[in-house]
Structures are given as C-alpha cells and as structure tokens.
Amino acid sequence: MEEDTDFRIRFSSLRFITDHVGFHGTIKSLPSDFVVIEIDEQGQLVNKATNELISKIQPEPNNFAKKTKLDFQNLSFKEGRNQEFSTFTGCSDDDHNDQSPSEKEDTISDGTSKSEEEKVHVLDNLLDEKTNELLNHFACDIKEKWNSKTELIGSSPEFSLGRILDKNQRAILHSAIRQKFPFLITVGRNSEIVVKPNLEFKELCHLVSEEEASDFFKYLDAKKENSKFTFKPDTNKDHRKAVHHFINKKFGNLVETKSFPELSYNAGNPNVVITVRFREKTHKHRKRSLFECRDQKVIYTAFTLRKENLEMFEALGFLAIKLGVIPSDFSYAGLKDKKAITYQAMVVRKVTPERLKNIEKEIEKKRMNVFNIRSVDDSLRLGQLKGNHFDIIIRNLRSQINDSANLRERILEAIENVKNKGFVNYYGPQRFGMGRKVHTDQIGLALLKSKMVEAIKLFLTPEDLDDPVNRAKKYFLQTEDAKGTLSLMPEFKVRERALLESLHRFGMTEEGCIQAWFSFPHSMRIFYVHAYSSKIWNEAVSYRLATYGSRVVEGDLVCLDEDIDEHFPNSKVHLVTEEEESADTYAIHQVVLPVLGYNIQYPKNKVGQWYQEVLSRDGLQTCRFKVPTLKLNVPGCYRQILKHPRNVSYQLMEEHDTDVKTEGSHIDEATLSLLISFDLDASCYATVCLREIMKHDF
C-alpha cells in the first residue's frame with residue numbers, strides 16, 4: 001500500500017478564518033511541553049486533589065432542567081501545564097436502548113400513588129416553561145412525522161431535559177412523560193433524562209388501534225400489581241396470534257398474555273379478547289432488586305489518570321491487566337493525546353478503591369499515576385466534561401519565510417486576532433491517526449460500507465518501520481496467519497492482540513472479521529466511523545468558507561441557542577432565508593454544519609450539494625449510517641464552524657544556546673519560546689487553535 005501523502009496535503013489546504021501572517025515554531029518537543037487537564041462538569045480541573053465524592057448539590061427547582069454555562073478557571077501560566085485534546089465526543093451514538101443500573105433505578109420506581117392526571121400535570125410543576133414547551137413541540141413533531149408516514153430511523157431524534165440530580169424527581173418525570181406521551185420513551189444517562197420516540201408503540205399500532213396502544217403502554221408504565229389489560233375483542237385468529245407474538249417477544253419477561261372468549265359471542269365466529277397481566281415472579285423480583293438487594297450493586301471507582309507519552313487505549317489495556325478486568329470496564333469523558341502529559345477523569349467498574357490504590361507503584365513504571373481515588377455511583381459517558389485546559393510551550397519561534405516584520409509583534413498580533421475572531425473548529429489531525437499509510441477515517445469508511453475484511457486489513461497495515469509491531473503486521477498481511485502473528489505481536493499492543501485472538505478463533509472470513517471487531521469495546525468501534533464523519537466535516541467547512549467566506553447566506557444552517565454543545569436536536573437548527581441573508585440577521589459564529597449521520601439535515605445551498613457529491617464519490621449515497629452487524633448507529637450531530645479560546649494568557653521567553661565557534665570564545669544565540677495557556681470547549685483541538693494562530697501545519 002502506498003503512502004497516503006494526500007492526507008497531509010488535504011489538511012494543510014484547509015482554510016483559515018483570520019488574515020494575519022503568523023509565525024513558525026515547534027510544538028511537542030517534549031511531552032512536558034504539552035499538558036492537557038480536563039475541566040469537569042462543575043468547572044474544576046481534574047488534576048486538583050479532592051476528597052469529595054461526586055457532587056450531590058441539588059439544583060434549584062426552577063432550574064433543574066437547564067444547563068449551566070461554562071465557567072472556566074482563569075489560571076496563570078505559573079502552574080506549568082501544557083496540553084492537547086483529542087476526543088470523539090463530537091458525535092453521540094445511541095445504538096441500543098439498554099439502560100444502565102442507575103437508569104433502571106430511575107424508571108422502576110412505582111408512581112401509582114398518584115392518578116394519571118396528576119402525573120400529567122406534574123410536568124408543569126417540575127419543568128420550566130421553555131423546557132415544557134420544547135418537550136410538547138418534540139412530541140408533536142414525532143406524531144406528525146408518524147402520521148405523514150415519514151420514516152424515523154433507529155431511536156433518534158431525541159430531546160434532553162438536562163441533568164436532574166434528585167432521584168425522586170427523575171422517577172416522577174420518567175413516569176409523567178410516559179403517561180402523557182405513551183408514544184415516547186425516557187431513558188436515564190448519568191442523571192440526565194432523554195426523551196425518544198417509542199418505536200415499539202409505532203410497531204404495535206400496525207396491529208391495534210392507536211388508542212389501544214396508548215392504553216397498553218400506560219398500563220405497562222404504571223406497573224400496578226395484580227392489574228390486567230384487555231385488548232378489544234377480535235374474531236381473527238391470525239391477527240390475535242400476531243398480537244400475542246409481538247407482546248411476548250417485546251415484553252415477555254415482564255407480562256404474559258392469554259386469550260379468552262367474550263362473555264356473549266356467536267359460537268360460529270367467536271369474539272376473543274387478549275388479556276395481559278404482569279408475571280407475578282418477575283414483578284416481585286423487580287421490586288426486591290430495588291428495595292432489598294442493594295448490597296449486590298455494581299462497584300464503581302472514580303479516579304484521575306495522569307499519563308505521559310502514552311496512548312490512552314494502551315494505558316487502559318495495561319490497567320485492565322493489572323486489575324483483572326477488561327478495557328470496556330473503564331469509562332471516560334474524552335480521549336487524550338499520546339505525546340503529552342494528560343490528566344483525565346476515569347471510572348472503573350468492579351474494582352474497589354483499595355484495589356486500585358494497590359497498583360499505584362506498579363503503574364508508575366508505565367508513566368502513569370492515579371489519584372483522587374473514590375467510590376461513586378455510576379460510570380462516566382463520553383462528553384461528560386466542560387472542556388480542557390491547555391498549557392503549551394512552542395519552541396524555536398521564527399518568522400514566516402520572506403517576512404521581515406518584528407517577530408514579537410507578529411506573535412502578539414496573531415494571538416490577539418484569534419482571541420477576538422476565533423478559529424475554524426476543525427477536528428485535529430490526531431483524530432485520524434498519525435500513521436503515514438492508513439488513517440482511521442479509511443477504516444471507518446470500510447466499516448460503513450460493511451467491508452469487514454478490508455477494514456481488518458487496513459487496521460493491520462504496517463508502516464515502513466522495522467520494529468516488532470510493524471514486522472508482525474507485515475507477516476499477517478502476507479500470510480493471514482493470526483496465530484503466528486500473535487506470537488510476534490508485542491504484549492503491550494492490547495488492541496492488536498485482542499483482534500488477532502478473535503481472528504485465530506473465528507477465521508479470516510467476513511463473519512470471522514465481524515466477531516473480531518467485537519473484541520473492541522463499542523466506543524472504539526464507533527471511533528473509526530466518527531473519524532470518517534469528522535474528515536468529511538473538515539472538508540465541508542473549508543469548502544463553505546472558500547465559497548461564501550464569513551457571510552451568512554441563504555440555505556445556511558444556524559443554531560438558535562446561544563449556549564450549545566454538539567448534542568442539540570433538529571428543532572434548534574434553523575435554515576437561513578433570503579430575507580434573513582439580506583438583513584444580516586445572523587453572524588458567522590452561529591453557523592453550524594452537520595456531522596454525517598442518519599438524523600441530520602443538510603444546508604440548502606452549494607454546501608448541501610457538496611455533501612451529496614462527496615457521499616456519492618465515497619459510495620455512500622444510500623448509506624443509512626447504521627452498521628447493524630457491529631451494533632453501530634450514527635445519528636449525526638451539528639458542529640459550530642467557529643470557536644473561541646477562553647482565558648488566554650501567554651509569555652515570551654528567551655532560551656540561550658551557547659555555540660563554541662573558536663577556541664576560547666563563545667557566542668550566545670537567543671531563541672524565543674512561547675508559553676501559552678487557554679481553555680477550550682469539549683471536542684475542540686488545541687493543535688487546530690495553534691494552527692490558526694501560527695498559520696502553520698504541524
């Protein structure tokens with residue numbers, strides 16, 4: 001396979017938003033030149049020592065469905081931290097409806113002491129007016145799409161009520177929403193309530209009336225002991241069989257169905273009713289599991305991981321071996337760079353704090369440290385952070401070629417320009433891997449096209465380096481001998497070895513390769529698909545700026561919410577009209593572009609046409625952005641094309657190198673270095689911000 005030099009050309013051709021000259025310099029000369037520190041949801045740096053458990057502060061009743069604004073700490077550079085952020089939180093993926101233990105606790109609670117009417121009205125009491133209005137709009141939108149026969153793919157779109165810290169309030173809201181809107185479901189994600197279409201409701205409506213389906217799902221949600229539900233009389237035996245099959249397939253662990261003849265019926269053509277009742281043992285067991293079996297609760301231990309010059313998945317693999325768990329038992333808010341010193345929050349399942357503390361000394365040999373170790377109630381999820389703090393040293397500063405202006409003035413001009421105007425919010429090159437032959441987006445494209453064998457071969461493609469890892473990969477491509485390759489692959493290459501072990505067991509067939517991909521946790525499988533979507537987004541925003549510049553034009557997409565992340569519904573995305581373009585209604589910082597997925601809309605201008613041409617070029621014109629064989633769903637999202645660094649501080653310093661020119665004489669030559677510190681929102685890349693400042697690719 002030839003070197004993919006086109007990749008580096010593509011990235012260097014991406015356009016800028018600012019017009020200053022910039023300068024040259026070197027980043028990441030040492031891992032300590034680039035320190036990354038996560039900022040948690042409370043706005044605190046995770047490298048700070050703490051003895052507290054996860055915050056239990058309750059929000060004020062009127063605000064508990066609202067998100068708090070970013071509140072970064074403005075730190076001086078004296079702390080000496082440098083960092084870069086690499087994450088794929090850009091895009092969420094909800095390819096299953098399974099609930100975590102905490103989510104199940106949210107929804108099991110029995111709200112039957114209140115009448116159905118009280119449950120409906122409780123929404124007005126617990127949700128602020130705007131959130132309640134948006135929820136109603138979301139529900140109406142779902143019904144309208146269903147009534148118009150518009151296809152809803154998967155479990156999205158979705159609507160978030162935000163984080164509700166009070167467990168009782170969460171339980172009340174879960175029940176109230178399901179009672180008022182039985183065609184919707186609610187799930188919990190680390191205290192957040194998310195509302196989605198109930199696809200099983202729609203499926204049942206193909207068999208019974210909408211009224212019966214509504215009453216049935218209300219009955220299921222109420223969970224009243226010894227209660228029963230009866231469908232309308234039915235003379236069609238085949239139809240009754242279909243209803244029995246649907247209910248037992250979907251809810252057989254919870255309820256049982258039986259058919260009974262109606263009290264008065266014609267013996268030649270009897271009316272028969274289907275009655276549903278809760279399974280006695282199952283229902284009682286569910287109550288016991290909540291109220292009597294709390295001792296069996298899964299153990300979660302939170303900690304801060306510090307690593308130096310170490311890939312995150314390699315670090316997790318090593319920790320998993322030492323703790324006797326698997327890599328998927330670890331959860332985290334985002335990925336971090338390899339060549340850096342990084343601090344990030346982690347949670348591991350099935351490991352006690354004492355057990356984690358016992359390996360502290362051993363993991364120091366791998367340039368890792370763990371601290372802030374404590375018990376918590378649940379795992380982390382991707383994107384569960386406010387951002388990242390960066391402390392960076394840029395060495396060997398020099399002017400651009402043929403630029404005779406004062407270097408210090410150029411540096412000052414560049415930093416102030418990006419502070420004021422922002423930078424183009426590209427995904428950083430580290431998202432696509434630092435190999436020269438294969439990049440993660442190529443693997444993602446192969447997965448989207450369900451070319452499983454090709455994706456495996458891309459993953460195991462060697463670089464032109466003579467080291468044990470690349471020799472093992474070369475041997476595999478030549479022989480497809482997974483067992484022999486395993487004997488060559490170093491122990492620390494956890495991902496490669498897991499893949500090879502599966503291939504040895506299942507074979508290098510299409511089905512065998514599917515099984516091999518399941519040796520990776522879901523977050524890693526979806527990462528490759530997100531990498532492809534990220535590459536296309538980068539090219540799309542560069543094309544958008546080249547075509548329209550900083551003007552907001554008809555057909556652009558803008559976000560109407562000032563405080564946004566990448567996880568907002570289509571209802572908050574607005575298509576700019578001709579009149580709004582003429583009136584300059586919107587500014588460039590409000591423009592968003594879609595990250596590919598099945599639940600996004602495209603701009604209605606040349607940019608939208610560009611998307612369709614690219615999908616056609618890559619053979620994805622009919623792609624639904626779902627890979628069922630790997631349990632991957634990619635709903636897509638929207639990303640702002642511009643971002644601003646916050647809390648920027650910087651300092652120039654001189655470094656003196658002494659050269660011995662002649663015997664007995666020395667010449668001191670001073671070179672400039674820049675110490676720069678700033679905060680970025682989650683899913684923003686420091687290297688991309690630096691690229692805009694310096695007008696220089698790394």
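**Buried residues, ring pairs and a helix crossing in a predicted model**

Aspartate 329 has a relative accessibility of 2% and therefore counts as buried, the cut-off being under 20%. The structure described here is a predicted model. Aspartate 329 belongs to the loop that runs between helix α10 (312-323) and strand β10 (330-332). Once its neighbours within four places in sequence are set aside, the residues in contact with aspartate 329 are Val347, Val348, Arg349 and Lys350.

Phenylalanine 330 is part of strand β10. Is this residue buried or exposed? With a relative accessible area of 5%, phenylalanine 330 is buried. Not counting residues up to four places away in sequence, phenylalanine 330 touches Phe303, Leu316, Leu319, Ala320, Leu323, Val325, Val347 and Val348. Val347 and Val348 also appear among the contacts of aspartate 329. Along the chain, phenylalanine 330 and leucine 380 are 50 residues apart, and 8.6 Å separates their C-alpha atoms.

It helps to step back to the whole chain at this point. The chain contains 23 helices and 23 strands. It has 698 residues, of which 53% count as buried. How many of the contacts between residues at least 6 apart in sequence join residues at least 24 apart? The share is 76%.

Aromatic rings offer some clear examples of links across the sequence. Searching the whole structure gives 26 aromatic pairs. One of them joins phenylalanine 217 and phenylalanine 251, with 5.8 Å from centre to centre and 80 degrees between the planes, an edge-to-face arrangement. Phenylalanine 217 lies in helix α7 (residues 210-222) and phenylalanine 251 lies in helix α8 (residues 237-251), so this pair ties together parts of the chain that are 34 residues apart in sequence. Both phenylalanine 217 and phenylalanine 251 are buried. A second pair is formed by phenylalanine 459 and tryptophan 517, whose ring centres are 6.1 Å apart; the planes meet at 75 degrees, so this pair is edge-to-face too. Here the linked parts are again distant along the chain, since phenylalanine 459 is in helix α15 (residues 452-459) and tryptophan 517 is in helix α19 (residues 510-517), 58 residues apart. Phenylalanine 459 and tryptophan 517 are both buried.

Ring pairs can also join up into a group. Which residues make up such a cluster? Its members are Phe181, Phe183, Phe201, Phe216, Phe217, Tyr219, Phe229, Phe231, Phe246, Phe251 and Phe278. Phe217 and Phe251, the edge-to-face pair described above, are therefore part of this wider cluster.

Rings have charged partners as well. The charged end of lysine 626 sits over the ring of tyrosine 598, at 4.9 Å from the ring centre. Arginine 639 lies over the face of tyrosine 427, and the distance to that ring centre is 3.8 Å.

Helix α19, the home of tryptophan 517, also packs against another helix. Two packed helices are described by the angle between their axes and the distance between the axes. The axes of α18 (residues 494-506) and α19 come within 8 Å of each other and cross at roughly 145 degrees. This crossing of α18 and α19 is right-handed. Which residues meet where the two helices touch? From α18 come Leu499, Ser502, Leu503 and Phe506, and these meet Gly512, Cys513, Gln515, Ala516 and Trp517 of α19. Trp517 thus takes part in the helix contact and in the ring pair with phenylalanine 459.

Two asparagines have a positive phi. For asparagine 309, phi is near 50 degrees, a positive value in a residue other than glycine. Asparagine 309 sits in the loop between β9 (300-308) and α10, and it is partly exposed, with a relative accessible area of 29%. Asparagine 402 is not a glycine either, yet it has a positive phi of about 65 degrees. Its place is the loop between β13 (387-399) and α13 (407-421). Asparagine 402 reaches 81% relative accessibility, so it counts as exposed, a word used for values over 50%.

The last residue to visit is aspartate 697, in the segment after α23 (686-694). Aspartate 697 is partly exposed, with a relative accessible area of 28%. Its side chain makes a polar contact of 2.6 Å with the side chain of arginine 691. The C-alpha atoms of aspartate 697 and threonine 687 are separated by 8.8 Å, the two residues being 10 residues apart along the chain.

Note on methods
Residues are numbered from 1 along each chain as its sequence is written. This is a predicted model: local features need pLDDT of at least 70, side-chain atom pairs count only at pLDDT 80 or more; totals for chains, interfaces and linings use all residues. Side-chain values use heavy atoms; hydrogens and water are left out. Rings of Phe, Tyr and Trp (its six-membered ring) pair if their centres lie within 6.5 Å; planes under 30 degrees apart count as stacked, over 60 as edge-to-face and the rest as tilted. Helices (H or I, at least four residues) and strands (E, at least two) are DSSP runs, numbered from the N terminus. Buried means under 20% relative accessible area, exposed over 50%, partly exposed in between (1.4 Å probe, protein chains only). A charge sits over a ring if NZ of Lys or CZ of Arg is within 6 Å of the ring centre and within 35 degrees of the ring normal. A polar contact is a pair of N or O atoms within 3.5 Å; within protein, one must be able to donate a hydrogen and the other to accept it, and residues adjacent in sequence count only if both atoms are side-chain atoms. Axes are lines fitted to C-alpha atoms, for helices over the stretch in contact, and angles run from 0 to 180 degrees between N-to-C directions. A crossing is left-handed if the near helix is turned anticlockwise from the far one by less than a right angle, and right-handed if clockwise. Contact means heavy atoms within 4.5 Å.
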